[in-house]
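Biologist: I would like a close look at one part of this model. Please take the packing between the helices and go through it residue by residue.

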Amino acid sequence: MSKLPLAMLIELAQNKTDEATRRLGQLQRAKLSAAEKLDMLVQYRQEYYDQLQSQMQNGLSSSRWRNFQHFIGTLDGAIEQQRAIAAQADTRLARGRSDWQDHKRRLNSFDTLAERVKLQQAQIVNKREQRASDEHAARQFRLRMIAAAE
């Protein structure tokens with residue numbers, strides 16, 4: 001495999017890994033945001049429910065009671081929707097993490113291959129240099145032997 005196509009593959013894999021990293025960051029922020037909204041809704045519902053309990057101890061009209069119950073029901077619906085959104089964000093994050101791992105693994109494979117190619121090329125250069133050195137030493141030896149024989 002020549003150097004240029006391998007370098008192009010590594011660059012492509014690096015770009016895809018970088019993009020997967022950016023997407024993973026976005027997915028993590030989306031998950032965090034969904035979880036924070038869910039927590040906020042649950043907390044707001046609890047505060048509203050606590051208010052209802054407090055007002056019930058002091059006496060509460062039936063219309064006010066129905067309004068409280070209706071609003072609590074609306075909050076419960078919003079909480080369930082937000083739970084679904086948070087679950088979707090978790091699923092997307094898991095897929096994004098898997099996607100990033102796949103791209104990272106591919107990049108690492110290309111990097112490993114590039115290191116092997118470099119090592120092979122270095123071994124070839126070392127063998128050539130050793131062969132040239134051996135030939136030079138053999139020539140020098142022959143020349144000395146010829147000179148000594150004369």
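Modeller: What follows goes through the nonpolar cores, then the aromatic residues, then a buried glutamine, and then the salt bridges. The model is a predicted one, and local features were taken up only where pLDDT is at least 70.

The largest nonpolar core is made of 8 residues: Leu-38, Leu-41, Tyr-48, Leu-52, Phe-68, Ile-72, Leu-75 and Ile-79. Helix α1, which runs over 3-57, and helix α2, over 62-149, each give at least two residues to this core. A second core, separate from that one, has 7 residues, and Leu-6, Leu-107, Phe-110 and Ala-114 are among them. In soluble globular proteins, nonpolar side chains tend to be buried together.

Leu-107 shows what the second core looks like from the side of helix α2, where this residue is found. Its relative accessible area is 1%, so Leu-107 counts as buried, the limit being under 20%. Setting aside neighbours within four places in sequence, Leu-107 is in contact with Ile-10, Ala-13, Gln-14 and Thr-17. The C-alpha atoms of Leu-107 and Lys-16 are 8.9 Å apart in space, while 91 residues separate the two in sequence.

Back in the largest core, two of the members are aromatic residues that pair with each other. Tyr-48 and Phe-68, both in that core, belong to the aromatic residues covered by a search of the whole structure, which finds 4 aromatic pairs. The rings of Tyr-48 and Phe-68 are tilted, with 4.9 Å from centre to centre and 45° between the planes. Tyr-48 sits in helix α1 and Phe-68 in helix α2, so this pair ties together parts that are 20 residues apart in sequence. Phe-68 is buried, at a relative accessible area of 2%. Tyr-48 also counts as buried, at 17% relative accessibility, with the limit set at under 20%. The two residues are part of one aromatic cluster that is formed by Tyr-44, Tyr-48, Phe-68 and Phe-71.

Leu-38 is another member of the largest core. Apart from neighbours within four places in sequence, Leu-38 is in contact with Ile-79, Gln-82 and Arg-83. Of these contacts, Ile-79 is itself a core residue.

Gln-82 deserves its own paragraph. Gln-82 lies in helix α2 and is buried, with a relative accessible area of 10%. The side chain of Gln-82 reaches the backbone oxygen of Ala-34 at 3.1 Å. Not counting residues up to four places away in sequence, Gln-82 touches Ala-34, Lys-37, Leu-38 and Leu-41. Two residues in that list, Leu-38 and Leu-41, belong to the largest nonpolar core.

The charged residues come next. A search of the whole structure finds 8 salt bridges. One of them joins Asp-76 and Arg-45, whose closest N and O atoms are 2.4 Å apart. Asp-76 is in helix α2 and Arg-45 in helix α1, so this pair ties together parts that are 31 residues apart in sequence. Asp-76 is partly exposed at a relative accessible area of 29%, and Arg-45 counts as partly exposed at 22% relative accessibility.

Arg-23 takes part in two of the salt bridges described here. With Asp-99, the closest N and O atoms are 2.6 Å apart. That pair links distant parts of the chain, with Arg-23 in helix α1 and Asp-99 in helix α2, 76 residues apart. With Glu-19, the side chain of Arg-23 forms a salt bridge at 3.8 Å, N to O. Arg-23 and Glu-19 are 4 residues apart in helix α1, so about one helical turn separates them. Arg-23 counts as partly exposed at 31% relative accessibility, Glu-19 is partly exposed with a relative accessible area of 34%, and Asp-99 counts as partly exposed at 27%. Salt bridges link Glu-19, Arg-22, Arg-23 and Asp-99 in a network.

To put the picture together, helices α1 and α2 each supply at least two residues to the largest nonpolar core. The Tyr-48 and Phe-68 pair joins helix α1 to helix α2, and the salt bridge between Asp-76 and Arg-45 likewise has one residue in each of these helices.

Methods:
Residues are numbered from 1 along each chain as its sequence is written. This is a predicted model: local features need pLDDT of at least 70, side-chain atom pairs count only at pLDDT 80 or more; totals for chains, interfaces and linings use all residues. Side-chain values use heavy atoms; hydrogens and water are left out. A nonpolar core is a set of buried Ala, Val, Leu, Ile, Met, Phe, Trp, Tyr and Cys residues joined through side-chain atoms within 4.5 Å. Buried means under 20% relative accessible area, exposed over 50%, partly exposed in between (1.4 Å probe, protein chains only). Contact means heavy atoms within 4.5 Å. A polar contact is a pair of N or O atoms within 3.5 Å; within protein, one must be able to donate a hydrogen and the other to accept it, and residues adjacent in sequence count only if both atoms are side-chain atoms. Rings of Phe, Tyr and Trp (its six-membered ring) pair if their centres lie within 6.5 Å; planes under 30 degrees apart count as stacked, over 60 as edge-to-face and the rest as tilted. A salt bridge is a side-chain nitrogen of Lys or Arg within 4 Å of a carboxyl oxygen of Asp or Glu.
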